[in-house]
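Let's take a stroll through a protein structure and pick out some details worth a look. Keep the 3D view open and find each residue as it comes up.

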Amino acid sequence: MRKMRCLVWKYQFFFCFFIILSLHFHFHFHAEAAATVSSTLTSTRARKTCSHSEAAALLHFSQSFVINSSASTTCDVNYGIVSYPKTESWKESTDCCSWDGVECDGETGHVIGLDLSCSWLYGTIPSNSTIFLLQHLKTLDLSFNDFRQSRIPAGFGKFASLTLLKLSFSRFAGQIPSDISNLSNLISLDLSSFKPDDSQLKMETTTLKRLAQNFSEVQELFLDGINMSSVDPSHLMNLSSSLTSLTLQNCELRDLDMSDNQLTGPIPIPHHATGLSNLVSLYLSNNFLNETLPSWVLNLPSLHYLYLANNRLTGDIRVFDSKSLTTIDLGSNLLQGQIPSSIFKLANLTLLDLSTNNLSGIVELDMFSELKSLEWLDLSHNNLSLSNNIRVNYTLPNLRSLFLSSCNLTEFPNFLRGSKDLLSLDLSENRIHGQIPEWMWDVGKDTMTYLSLSQNFLTGSIQFPWLNILSLQLHSNMLQGLLPEFNKGCQVKALNFFGNQFQGELPRSLVNCTSLEVLDLGNNNINGTFPYWLETLPELQVLVLRSNKFHGWIPESKASFPFPKLRVLDLSDNNYFGPLPTSYIKNLKAMANANEGNVSGGRYMQGSRSYDYSLTVTMKGLTTQLVRILTIFTSIDLSNNKFEGVIPQVFGKLSSLKGLNLSRNNLNGHIPPSLGNLTKLEWLDLSSNMLVGKIPEELVDLISLSFLNLSNNQLVGSIPQGKQFNTFENNSYQANLGLCGFPLSKGCNETPKSPPSTLGSEEDDSESGFGFGWKVVAMGYGCGFIVGVGAGFLVFRNGKPRWFISLFGLKQHHKVNKSKKQKASTRSGRGN
C-alpha cells in the first residue's frame, strides 16, 4: 500500500511539473509576442501619413472645379444640410489624411474614403480625372454638387474595393455607364436625380441587367428620377436577396413588378407624382406593406393593372379616379369599410378581387351593372351581406368567374340565371338552404370547370350534366341520394363530396374520368366492397373513402402497377376485414418516392384556374381539414376496421410516407423493424390492436416522428430511448402491462454495468491490498494539480526556476542513489 501511494504521488508530481513548464513557456511566448506587436504598432504609427501621389491626385482633382455656393443650394434649402467648400482646407504642405472629407487607412495611410457632398463643386469630371488614381477607395460621396449635366465617367467602375458610391443630385445627365456594374463589392449605390426632364440620367435595359447580375452584395439602391421608360423592369427581380432598400420614384416606368419580396412599411409617396404618369402596371403583391392605401396610387392616369394582394394594408379604400384601370387585386389585406362607389364606375374593369379583407356593408349586385367588361369578381371572406333583390333579366355579359364564398348568402343569386358561359363559381361557406334549383344546372352547362357549393345547408339529390367540370366541391352539406353517373369524356380532376348523406354503391362509371386526381367521399353512407377498379385511374393521387359502409375482404390486385400515383389512401371507419392489402401496399410507388414524376417538390395541388384542392384527414390523432394539399403529402389510414393478421414488412418500402394509422383493428404479431426505414414519418398510430413483443429499436431512427401511439396492445420489454423517443409521454404506451422504462414510472429492474476503470473499483483495490480506490487517487491528483500550479507560478514569477529544478533534481538524485544502495545491499546479502 505504501509503495502504491508513493507511486501515485510521484506521477502527480511529474504531472504538476509538466503543467508548470507549460505555463512558463506560455508566459514567455506571449511576452515576446506582445513585445513584437508593440514594436510593430510603434513602427506603423510612423507610417500613417498620406502618400505624396495620392495627395497630389486629390489636389489636382479639387483644382479642376470652381467653388460656387449655388452648386449645393439643394442641401440647405431642401434637406437642411449646411453646405460649405470642404476642399478649401486642403493644403499641399499638410498631411492629406487630415483634410476635410478625407479618410485614410490607419495601417497603410492609403486614402479609403472621400466625402465631398455639399461642397460647392461646380464643373465636370473628365474621363482621365486624377480621382480615378485613388484605387484604394472604399467609400465615395460626391452628392449635392453641380457637374453641369455632364455624363458619369466610366472610370467610376474601376474602384474595385468600393462599397459605397453616392452621385445623387449633382446634375449628371445622359446614359448611366454600364461599367458601374463592375463594382461587385458595392453595398450602397445612390444615383438619384432631380425631376425628370431632358437633362436627367437615363438607364438602358442592358445596364439594369448587368447591375442585377453583378451586385451580389448590394443592400441599398436609390434610382429616383432616372429615366427608365425603355427599361424591362423584370430584371429588378434578379437583384440580390440582401437588398433592403430600393427607391424608383419618378422613373417613368411603364411596368413595375416588385411582388414576392419582403418589402415593409407604407407604400412611399413620390415627390413628383408626374414621374409615374406613364405607369401602366404596378405589381407589389406578396410583401409586407402596411398602413393605408395612398390616394396617388388610385389616381395614376395611365394605370391599367394594380396588384397589391397579400400585404397588410389597412383602412378604407379611397376614391378610384384612374378610369383606365382594368385590373384591381387587393385581396388578402386588412382593408375595412364599404366598397367605394367609384369602383362601380370603372367601365374598363375586367378583374376585381377584394377577397379576404374586413370590408362590410350591404352589396346590391346591380351596383355592378355598369361593369359590362367584368370577367372576374371575387368578394369572398369579408363581412359583406349580398342582397338578392335584383332584376331577373340582369346579367353581367362577360362574367366568367364569380367567387362569393362567405358572403352571408341565403339563396342562389338570381342574376346567375341564363349565365351559360360561366367557368368558375364559388358559393361555399354561406347559409344557402334547400335543394339546388333546376335552373342552376343550366349555369355554365357547357363551360363550367370549377364549382364549389360546400359548407352550406343543401339537401336533396344532384345532377351532373357538365362534361368539362374540373372540380365539383360539394362537401359539408346534407345532400343525399345516389351519386351521379359519369359519361365518357368526363374531364373532372377533383370530386369532394365529403360530409353528405350520399347512399348506394360507388358508380363504376368513375373510370371514365381518366383525369381524376382527388376523390374524397368521406363521411357518407356509401356501401359496397372495395372499388378495386379505381386502381386503373392513371392520375389518381388522393382516395378518401373513410366513414362509410364499405365492407368485405380487399382482394389481391391483378394489375402490374395499381394506383400508380396514389399517395393518400384513407379507408378508415369502415367494415373491411381480412389481412392488410399487401399487394397494393408494396406497389404504391408514389409513396416510395414522393419526389418522382409530377408530384415533385413542395407545391400545392391546384386546378387549372388556381383554385386549391382541399382534403379532410386524421393527422396526429386529430381530424383536420387541409385547405390546400402539398404535392409531397403522403399518408395511409386503415384504422377502425376489422383487419387481422400481422403488419406486413413491405410498409418499410414506403420511404416517403408521412403518416401511418393502423389503429383499432385486430392486428397481431410483432411490430416490423422495417418501419424504422420510414425516416420521413411524422405520425404513427398502432394503438388498440393485439400486437406483442418488444418495440423495435429501429424505430429510434424515425427522427421526424412527432406523434406516436402504441397504447392498448400487449407489448413487453423496455421502451427504446434516444432521439424522438425522449419526447413521447405516458399516453403513447398506456395499457401495455409488460412495458417498462422512461417515460413510464415502472422501471425495468436492470442493473446498469459500471464503466471499466484503469485503477479498478474500490472493492478491487481492497482485495489487492492497496486499501484505497480511484476516488482517493482522483482527489490526490486534483489537490496536487492546484498546489503544483500555484507554486510553479510563484516560482517562475520570482524568476528562480533553476533553484527549483536543481532542488528537485538533487532530491530525486538522492532518492535514486538511496534506492540503488538498498538494492545493492539486498543483492550482496543474497550472494552471501
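## Aromatic rings

There are 19 aromatic pairs in this structure, which is a predicted model. Take Phe61 and Phe65: their rings meet edge-to-face, with 5.1 Å from centre to centre and 80° between the planes. Are these two buried or exposed? Phe61 has a relative accessibility of 1%, so it counts as buried. Phe65 comes in at 8% relative accessible area, so Phe65 is buried too. The cut-off behind both calls is that buried means under 20%.

Now jump along the chain to Phe497 and Phe502. This aromatic pair is tilted, with the centres 5.4 Å apart and 40° between the planes. Both Phe497 and Phe502 are buried. Rings can also link up into a cluster: here ring pairs connect Phe530, Phe550, Phe563, Tyr576, Tyr584 and Phe643. And a ring can have a charge for company, as Phe561 shows: the charged end of Lys589 sits over its ring, 5.2 Å from the centre.

## A six-stranded sheet

Next up is an open sheet made of six strands, whose order is S13-S15-S17-S19-S21-S23. The pairing in this sheet is parallel. Which strands are at the edges? They are S13 (264-265) and S23 (383-387), and each of them pairs on one side only.

Zoom in on one of those edges. S13 and strand S15 (residues 288-292) run parallel and are joined by two bridges. If you want a contact to look for, Gly265 has Leu289 in S15 as its bridge partner.

## Strands S38, S42, S44 and S46

Further along, you can hop from strand to strand. Start at strand S38 (residues 575-578), which pairs with S42 in the parallel sense over two bridges. Here, Phe577 has Lys642 in S42 as its bridge partner. From strand S42 (residues 642-645), two bridges lead on to S44, again in the parallel sense. Two places to look are Glu644, whose bridge partner in S44 is Asn666, and Gly645, which stands opposite Leu667 in S44. The next hop goes from S44 to strand S46 (residues 690-693): two bridges join them, and they run parallel. In this case Asn668 stands opposite Met690 in S46.

Stay with S44 (residues 666-669) for a moment, since its side chains alternate. Which of them point to the buried face? Leu667 and Gly669 do, and they are buried, while Asn666 and Asn668 point to the other face and are not buried.

## Cavities inside

How many cavities of 30 Å³ or more does the model have? The count comes to three. The largest cavity has a volume of about 60 Å³. Its lining is made up of Val568, Leu569, Asp570, Val617, Thr618, Ser635, Ile636, Asp637 and Trp683. Three strands give two or more residues each to that lining: S37 (568-570), S39 (615-619) and S41 (635-637).

What kinds of residues are these? Sorted by class, the lining of the largest cavity has five nonpolar, two polar and two charged residues.

## Odd spots in the backbone

Finally, check out a few backbone details. Phe742 and Pro743 are joined by a cis peptide bond, with omega at about 10°. You'll find Pro743 in the loop between strand S49 (738-740) and helix H8 (762-768).

Two other residues have a positive phi without being glycine. One is Phe144, with a phi of about 60°, in the loop between strand S5 (139-141) and strand S6 (164-166). Why does Phe144 count as buried? Its relative accessibility is 9%, and the cut-off for buried is under 20%. The other is Gln455, with a phi near 55°. Its place is in the loop between strand S27 (450-452) and strand S28 (457-460). Gln455 has 30% relative accessibility, so it counts as partly exposed.

Methods. Residues are numbered from 1 along each chain as its sequence is written. This is a predicted model: local features need pLDDT of at least 70, side-chain atom pairs count only at pLDDT 80 or more; totals for chains, interfaces and linings use all residues. Side-chain values use heavy atoms; hydrogens and water are left out. Rings of Phe, Tyr and Trp (its six-membered ring) pair if their centres lie within 6.5 Å; planes under 30 degrees apart count as stacked, over 60 as edge-to-face and the rest as tilted. Buried means under 20% relative accessible area, exposed over 50%, partly exposed in between (1.4 Å probe, protein chains only). A charge sits over a ring if NZ of Lys or CZ of Arg is within 6 Å of the ring centre and within 35 degrees of the ring normal. Two strands pair if DSSP finds at least two bridges between them. Helices (H or I, at least four residues) and strands (E, at least two) are DSSP runs, numbered from the N terminus. On a 1 Å grid over the protein atoms alone, a cavity is a set of points where a 1.4 Å probe fits but cannot get out, and a pocket is an open set with protein on both sides within 12 Å along at least five of seven lines; lining residues have an atom within 4 Å of a point. Grid points are joined across faces, edges and corners, and a volume is the space filled by probe spheres set on the points. Ala, Val, Leu, Ile, Met, Phe, Trp, Tyr, Cys and Pro count as nonpolar, Asp, Glu, Lys and Arg as charged, and the others, Gly among them, as polar.
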